[in-house]
Amino acid sequence: MYEKVYKNETLKIFMDLLSVPSPTGREELVAAKIMEYADGWGYKSEQDYAGNVVVRVKGNGKSERVTMTASHMDEIGLVITGIEKDGSLRVHKLGGMLPWKTGERPVQILTDKRDTIPGLTSFGAGHSQVGKNEITWERMRILTGLTPEQLKEKGVRVGSVAVPDRKYCGPFVFGDEKDPMISAWIFDNRLGCAFQLSVLHAMKKDNVVPNCDWIFAFVKQEEVKGNGIKPLVVRELPDVLIAVDGGHASHITIDDGPMIKSKDKLADFSIDVILALQEAAKKVNLEPEYSVTDVAYNDASLGIQSGGPLKIGGIGYTKLNSHGFEVVKYSMFKKFFDFFYSFVKTYNP
């Protein structure tokens, strides 16, 4: 019924990236896949000492400025804060995870031996907790079926991290066959990485050369206040930094165009960049939405805090929900790709 959905290249790349865990601080599996894609298309990807991945594209010399677009590789998850005598694990949030978003579900625990073991989040027996409706980290445990000694042997400790089991992360397709909804745990922000990769692939196939040197960055630890992008922009010193991420402000709809960010918790985005993004949208007959928020941030607003870029921008694929089973429209894959690709092809900082 939904055969056409799975033919979209960006979705195919996203599904591949989604197949491996990538909690904050443990992004190495997704990083390896990103480098494999880029190198397979003839680029020469690089990975810095922190674990960020960059792909450099030489410009045609019309501008001496350097533009960086950045998507973060990490996802929210759980961090182990204690190990009980029965081998169950006390946990707390890693990044912006909320306990009620997690619920009871199979999880993968990443070990110090660079593999995973299974577990199950649990809030205990409902029959004995009638009237106790609070969903808190204090009540949550991960059941492992192992003793503390066995967990230690396998490389699980306080500070180890866990994410929902990949088999239950989607994507799930439902709704109107002409323009169905697509849901996954989570798009944030491997879908941004997938869009950057699909644009890189299109540039290679179409022999597109941007007007300036361009750095496509895939960065670590955005979910914990930008510990990937901050050192990266200090080293690279791009003139312009644009975050490619999701858009989920309350006034944004998934039926309209892609999103341009105007202001967030940390920064006002540069008017020159916003106007250039508007022009790129016009060239592909799209009317963008605009985001203003005082509760969220992204790699661009985080990066400018470090004194790296001179101007910043932010673009987002529009979605429902956040930090859970996120939802996008199938049509958004084409809309956002066309918008982003138009910008890369025409931007002259």
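Here is a short back-and-forth on how some labels in this predicted model follow from its values.

User: How many aromatic pairs does the ring rule give here?

Analyst: The count comes to 15 aromatic pairs. One of them is Phe 336 with Phe 339, at 6.1 Å centre to centre and 75° between the planes.

User: What makes Phe 336 and Phe 339 a pair, and why edge-to-face?

Analyst: Two checks. Centres have to lie within 6.5 Å, and these sit at 6.1 Å. Planes over 60 degrees apart count as edge-to-face, and the angle is 75°. Both tests pass, so the pair gets that name.

User: Where do Phe 336 and Phe 339 lie?

Analyst: Both are in helix H9, residues 330–346. They are 3 residues apart, which is about one turn of the helix.

User: Why is Phe 336 called buried, and what about Phe 339?

Analyst: Buried means under 20% relative accessible area. Phe 336 comes out at 0%, so it counts as buried. Phe 339 also has a relative accessible area of 0%, so the label is buried there too.

User: What makes Phe 343 and Tyr 347 a stacked pair?

Analyst: Planes under 30 degrees apart count as stacked. For Phe 343 and Tyr 347 the planes are at 25° and the centres 4.6 Å apart, so stacked is the right word. Both Phe 343 and Tyr 347 are buried.

User: Which residues form one aromatic cluster with Phe 336 and Phe 339?

Analyst: The cluster also takes in Phe 195, Tyr 317, Phe 333 and Phe 340.

User: How do you know that Lys 204 lies over the face of Tyr 43?

Analyst: The distance part of the rule asks for NZ of Lys within 6 Å of the ring centre, and Lys 204 is at 4.3 Å from the centre of Tyr 43. The rule also wants the charge within 35 degrees of the ring normal. Lys 345 lies over the face of Tyr 341, again with 4.3 Å to the ring centre.

User: Is Ser 301 buried or exposed, and how do you know?

Analyst: Buried: its relative accessibility is 0%, set against a cut-off of under 20%. Ser 301 sits in helix H8, residues 299–305.

User: What makes the link from Ser 301 to Asp 264 a polar contact?

Analyst: The limit for the N or O atoms is 3.5 Å, and the two side chains come to 2.6 Å. Leaving out residues up to four places away in sequence, Ser 301 touches Asp 264, Leu 266, Ala 267, Phe 269 and Ile 312.

User: Why is Ser 88 called buried when its value is 7%?

Analyst: Because the cut-off is under 20% rather than zero, and 7% falls below it, so Ser 88 counts as buried. Ser 88 lies in the loop between strand S4 (77–83) and strand S5 (89–94). A polar contact of 2.7 Å joins its side chain to that of Asp 86. Beyond four places in sequence, the residues Ser 88 touches include Arg 141, Ile 142 and Leu 143.

User: How do you know that S4 pairs with S5 and with S9?

Analyst: Pairing takes at least two bridges. S4 and S5 have 6, running antiparallel. S4 and strand S9 (residues 161–164) have 2, also antiparallel, so that pair just meets the requirement. Val 79 stands opposite His 92 in S5 and opposite Val 161 in S9. In the hairpin of S4 and S5, with 5 residues between the strands, Gly 87 takes a positive phi near 90°.

User: Which strands close into the barrel, and in what order?

Analyst: There are 6 strands, in the order S4-S5-S8-S7-S6-S9, with antiparallel pairing. The twist averages 45° from one strand to the next.

User: What makes S10 and S17 edge strands in the open sheet?

Analyst: The sheet has 3 strands in the order S10-S11-S17, paired antiparallel. S10 (172–174) and S17 (326–329) each pair on one side only. The average twist is 25° from one strand to the next. S11 (residues 181–184) joins S17 over 4 bridges, against a minimum of two, and Ile 182 stands opposite Val 328 in S17. H9 packs on this sheet, touching S11 and S17, with its direction at about 70° to that of S17.

Key
Residues numbered from 1 in each chain as written. Predicted model: local features only at pLDDT ≥ 70, side-chain atom pairs only at ≥ 80, totals over all residues. Heavy atoms only, no water. Phe/Tyr/Trp six-rings, centres within 6.5 Å; stacked < 30°, edge-to-face > 60°. Buried < 20%, exposed > 50% of the residue type's maximum accessible area, 1.4 Å probe, protein only. Polar contact = N/O pair within 3.5 Å; in protein donor to acceptor, adjacent residues only side chain to side chain. Contact = heavy atoms within 4.5 Å. Axes fitted to C-alpha atoms, helices over the stretch in contact; angles between N-to-C directions.
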